[in-house]
Structures are given as structure tokens and as C-alpha cells.
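Me: I'm new to this one, so could you walk me through the terms as we go? I'd like to see what each label rests on.

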There are 2 protein chains.
Amino acid sequence: MGRRREHGEQTRAALLAAAAELLSREGRPAVSVRRVADEVGTTTRAVYSLFGDKEGLLRALSADVAETMRRRHEEVPERDDPVAEIVDLAFGYRAAALEKPNLYAVFIDEIRDNADPADPIFSLVYRSFDRVLQTVRRCLDAGLFPGRTEFDVGRFLFALVHGLASLELRGILGDEATARQTWRLSVQAALAGLRQPPSSPGRPRTGATSPTRRRSRPAGGAVSG
Amino acid sequence: MGRRREHGEQTRAALLAAAAELLSREGRPAVSVRRVADEVGTTTRAVYSLFGDKEGLLRALSADVAETMRRRHEEVPERDDPVAEIVDLAFGYRAAALEKPNLYAVFIDEIRDNADPADPIFSLVYRSFDRVLQTVRRCLDAGLFPGRTEFDVGRFLFALVHGLASLELRGILGDEATARQTWRLSVQAALAGLRQPPSSPGRPRTGATSPTRRRSRPAGGAVSG
DNA sequence: TCCGATTTCGTCACACTGTTACGTTACGGC
DNA sequence: GCCGTAACGTAACAGTGTGACGAAATCGGA
């Protein structure tokens, strides 16, 4: 009973493709519900039926990037030297970010501490992160990163590759050759540093460690463990 | 001749304060030209007279963050150990980012490779970056970072602290204590890595280094030298 | 076969947004 | 006084995300 639905999987895929195309061609402000719907030849109703709201559409797009992320990470072959393998993983992250530059920004905006574990994007990101942790564990087991924990290393590497990707996509790292060299030098320096035992706490001398304002959101999240 | 202007420096400051307040209280989407103007008790005309357009208002806000950045960097005292001084500078960056969490995002969005050198925000960022390079040079002169250039080190550190700040503001680094420890461990690992001579090129084994799509914008920028 | 119930669709309206054109107001010089 | 001029407030325009509502299409049952 009821009307046969036309806004099915096919329309959904078409909307996502149109949104991605619009995003990569004209940037984020160009992607509006009306334009995306017009591009596909349907109405705004389809977007709201299939994705709930505009943010749902963007979330679905982010999931696409997360999938690219996962693929780029999981296709990195195992190497005898786990440290060299981490370099490959970092360049896999870079490749995923550069593959869809405008999508990367909306992807990273979706990553939040209060992410819903049921959200498919969550499990995809977790798989990418876990792929890295897997290699990190091999380094730890081999005694290559003395005095480190897998999560310390994971957060460190995550911050570094995200920072590099973020700067490169903003054009701050110069041309492609310069950017690539910055990636290589940075990742290798980071890994060389992890091989050194951490120094004693030794607090910095400024009061900078206790910021006055702090976001009120409770702690926790995917990478907090 | 002409009407006496009311949209002067005072209105300008009030608009900036209202925008900053609105931004930190309700987030970026809450800051609209009309709301900011209403908050001050003036009209949208004032915004357009003083800032040109909405982006001009946001640019002025970014300049405020850039100024905080500069202050936090330049107030870091000189230490006998330049490497330890870099740790302080990194925590200065963190303090500036955490001081105005929502502003940091609009600030970093303003940093682009095609930034206008006449833009005050450009010179402010340059001063912060130069403050770091100054200490980096001391490390290089002391032979502490063998085989590195000041710009290699500068880009590396910039990517790291931006990545850390970006993740922490998204709540991904856990509670404040965990985040602070991640900062300390990461920065110290990075510095330990810089003390090791860089390894030979040794290209990664995936095709990830030559991304298919690349942004068409020409190379160059503030940190490219 | 026809009708009513149900579900989905297309369209429109609402409250917004950034921005610009226009009429009004207030001043200085004559 | 008056006029030119500069800055002002207002209103309109095109565009946004989204909720409400009527129309269309499909089913089970009479």
C-alpha cells in the first residue's frame, strides 16, 4: 500500500555523485540542496527523504572520503621494516586527502569526539586508524619505539598527517614537489624521534599549559583511549 | 562637507567584539551580518562601510587571533636550550588556539597561499613564524638539527602544532590532561627526531606520491621559501 | 470495477542569509 | 537661507535550509 517510491538507491547515488562533483568543481559554498537536486533532475524533497537534511548529505559524502581513506590504508602492503611501512601509510593518508581536496575538509569536520559509533563513518575511520595501530604495534613489539604506547604514537601521527594535509590543501606547502618533500622529511623525522626514548616531563616555563578557556564538551572520543 | 560619520573606530571595535562574542558563544553559523549589527545596536550598513563585506569582518577577527598568536610567541622567553624553547613556543601556539577555539578555525581558513602581503594578518603570522625560525636557527647554528634547513623544520613544526590544535579543538585528543600530554610527547618526539640526521630518500612503495588530481592553484606562499 | 486508505512526491511558504540600490538625513560652504 | 555632498537607514533582490500541505500514485477490500 502506498505510492511506489522513486527516491531509492539510484537517486541516492546520483545525488551523492552530483554533490561530490559540485563540491570538487565549485567548492563547498556552491553545494546547496536545490542545486544538487536540480543537477540530478529531481526535487529537494529527494534529499530530505534520503538524507534527512543537508548535513546528512554531507555526512554521506564524508563517508565516501572515509572509505577512500580506509582503502588507501588497507592496500598498503606489509613490509619487513614496520617503520618504513608507517611512511607508506602516511603517504596513503596524503593520497586520500589529495584525491578529493574539497571533500577532505568536510570529512574532517565530521570527525568529532561525540561521534556516533553506529555511524558508518565512525567504523571506517576506526579501521584506518586501526590499520596504522597494527603497524605501530609491530614497532613496539620490536622495541623500536621505547617508552611509547600505541595510542601516544597514534595520536602523534594522526596530528602530523592531518596537519600536513590541512596545510598542503591550503597551498601553504608550496608546489607538489616541495610539499611531497615536506611530507617525507616530516614523517621520517617523526619516526626517528619515536625511536628515541622520551625525555622526562620537564614542564615548559610559560603558563601556556593551563588555558583560561576550555571547550565545555565532555572528554572522550574515538582516539582517546 | 557631508554628513558626520558615526561608523568610526568605536563602532568598528564594538562590531568586532560582538562578532567574537557571538562566535565563541554560539559558533560560526550564528554570526550573521544582521545579528552582529543588531547586537551593537546599529545597522548592516555599518558592517559594509567598515569592513566591505562579511568576509572582511571575519578577516578582521582573524587578525585578532593572529595578534594573539604573535603575542603568545613573542612573550616566550629566551632559554639557554633552544630546543626546550621550541617546546615553549609550541605550547604558546596551543594557548593561542585554545584561547579562542571558534576563532582559530576562521583564522586558519584565512591563511592561504595567495595571501596578500599587505594584509595585516600576513605580517602578524609572519612574525609568529619568524619568532620560531629565530629559535630554529639557534638550533641549526649549534649543530643540533644536522642536515636540516630552517624552512624544513619550520614547515614540520607548523604542520604538527596545527594538526594538534585542530584535533584538540575537535575534542579528539580527549580531556585536557590527555591532550596536554599528547602535545608534550608529540613535540618532544618531533624535536628528538630533528636531532637525528635525515635518512636517505628511500621512496615509499605505493604510487601514493603522485596523486591523480592536484589543485590547479600555482605554487608559492608564505611558508614556501 | 470502483473506492478509500496510505504512502510518497512536488510545490509552496517561511524565516533566514549576504549584498546592493535608493531615498533620506545631516553636515560644510556660499 | 540654500545647495552639494557624504554617510546614513531601509527596503528589495536573489538565494539559502526546511516544514507544511495538497496532489498523485499505489494498494487491499467491496
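Reply: Sure, here is a short chat about what the labels mean for this structure.

Reply: This is a predicted model, where local features need pLDDT of at least 70, side-chain atom pairs count only at pLDDT 80 or more, and totals for chains, interfaces and linings use all residues. Residues are numbered from 1 along each chain as its sequence is written, while chains are lettered from A and ligands numbered from 1 in the order in which they are written.

Me: What makes up chain A, helices or strands?

Reply: Chain A has nine helices and zero strands. Helices (H or I, at least four residues) and strands (E, at least two) are DSSP runs, numbered from the N terminus. Of the 225 residues in chain A, 44% count as buried. Contacts there, taken at a separation of 6 or more, come to 68% from residues 24 or more positions apart.

Me: How do you know that the span of helix α7 of chain A is close to what is expected?

Reply: The expected span is 1.5 Å times one less than the number of residues. Helix α7 of chain A (residues 120–141) has 22 residues, for which 32 Å is expected, and the helix reaches 31 Å from first C-alpha to last. Just after α7(A), A:Gly143 takes a positive phi of about 70°.

Me: Which residues of α7(A) are buried, and why are they on the same side?

Reply: Among them are A:Ile121, A:Leu124, A:Phe129, A:Val132 and A:Cys139. The buried residues of α7(A) cover an arc of only 125° around the axis, which puts them on the same side. That arc is taken over the directions from the helix axis to the C-beta atoms. In general, an α-helix has 3.6 residues a turn, so residues three or four places apart point the same way. What covers the buried residues of α7(A) includes α4, α5, α6 and α8 of chain A; a contact means C-beta atoms, placed from the backbone, within 7 Å.

Me: Why is B:Arg137 called partly exposed?

Reply: A residue is buried if 20 or more other C-beta atoms lie within 10 Å of its own, exposed if 12 or fewer, and partly exposed in between, with C-beta atoms placed from the backbone. B:Arg137 has 14 other C-beta atoms within 10 Å, so partly exposed is the label. B:Arg137 is found in helix α7 of chain B.

Me: What about helix α1 of chain B: which residues are buried, and which are exposed?

Reply: The buried ones in α1(B) are B:Leu15, B:Ala19 and B:Leu23. They cover an arc of only 65° around the axis, so they sit on the same side of α1(B). The face turned away from that buried side carries the exposed residues B:Glu9, B:Gln10, B:Ala13 and B:Arg25. Covering the buried residues of α1(B) are elements of chain B including α2, α3, α4 and α6.

Me: What makes a residue count as near DNA strand C, and which come nearest?

Reply: Near means that the C-beta atom, placed from the backbone, lies within 6 Å of the strand. Of the 25 residues around DNA strand C, A:Gly2, A:Arg3, A:His7, B:Ser32 and B:Lys54 come nearest. α3(A) gives the most to that surface, with four residues.

Me: And how do the residues near strand C divide by class?

Reply: Five are nonpolar, nine polar and eleven charged. Ala, Val, Leu, Ile, Met, Phe, Trp, Tyr, Cys and Pro count as nonpolar, Asp, Glu, Lys and Arg as charged, and the others, Gly among them, as polar.

How values were computed:
Two residues are in contact if their C-beta atoms, placed from the backbone, lie within 7 Å.
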